[in-house]
Amino acid sequence: NDPRYAAWRVALGSVKGIYLIADTHDGKLDVGKADGTEGVLGRWREYASNGHGDNAAMVALAKLDPSHPQRYQFSLLQVFSPTAPPAEILAAEEHFKRALLSRAFGMNEN
């Protein structure tokens with residue numbers, strides 16, 4: 001809610017995208033998509049509120065120790081317009097999961 005980040009909230013709330021969560025302690029990665037009505041901002045707010053984003057496939061992330069707030073690094077891998085077709089976003093998410101090996105060696109279980 002810091003007013004210094006108002007422009008960032010507007011920007012992140014107006015785009016969809018593929019994001020990466022990196023655990024800086026063990027190097028494990030999670031690739032996900034933010035394609036809801038509140039865009040990237042809405043998806044990241046879900047993670048901030050409960051540590052796992054209410055995503056059943058994120059069991060591995062939920063099991064990690066959240067007591068180190070600097071442990072996780074969030075990054076945007078690809079940005080889409082709010083009108084991007086869901087199939088295009090899903091295909092990009094699948095591409096990054098394969099390319100980054102986040103299923104075999106990371107936190108993606110889906």
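Biologist: Where is Leu 101 found in this model?

Modeller: Leu 101 sits in the segment after helix 4 (86-99). Please keep in mind that the model is predicted.

Biologist: Why is Leu 101 called partly exposed?

Modeller: Its relative accessible area is 45%. Buried would need under 20% and exposed over 50%, so Leu 101 falls in between and is partly exposed.

Biologist: What makes the phi of Leu 101 worth pointing out?

Modeller: Leu 101 has a positive phi of about 55°, yet it is not a glycine. Most residues other than glycine have a negative phi.

Biologist: Happy to move on to the rings. How many aromatic pairs are there?

Modeller: The count comes to two aromatic pairs. One of them is Tyr 19 with Trp 44.

Biologist: Why is the pair of Tyr 19 and Trp 44 called edge-to-face?

Modeller: The centres are 6.4 Å apart and the planes make 80°. Rings pair if their centres lie within 6.5 Å, and planes over 60 degrees apart count as edge-to-face, so both conditions are met. The pair joins strand 1 (residues 16-23) to helix 2 (residues 39-50), with Tyr 19 and Trp 44 25 residues apart.

Biologist: And what makes Trp 44 and Phe 74 edge-to-face?

Modeller: Their ring centres are 5.4 Å apart with planes at 70°, so this pair is edge-to-face too. Here Trp 44 in helix 2 meets Phe 74 in strand 3 (residues 72-80), 30 residues apart.

Biologist: Is Tyr 19 buried or exposed, and why?

Modeller: Tyr 19 has 2% relative accessibility, under the 20% limit, so it counts as buried. Phe 74, at 34%, counts as partly exposed. Ring pairs link Tyr 19, Trp 44 and Phe 74 into a cluster.

Definitions and conventions. Residues numbered from 1 in each chain as written. Predicted model: local features only at pLDDT ≥ 70, side-chain atom pairs only at ≥ 80, totals over all residues. Heavy atoms only, no water. Helix = DSSP H or I, 4+ residues; strand = E, 2+ residues; numbered from the N terminus. Buried < 20%, exposed > 50% of the residue type's maximum accessible area, 1.4 Å probe, protein only. Phe/Tyr/Trp six-rings, centres within 6.5 Å; stacked < 30°, edge-to-face > 60°.
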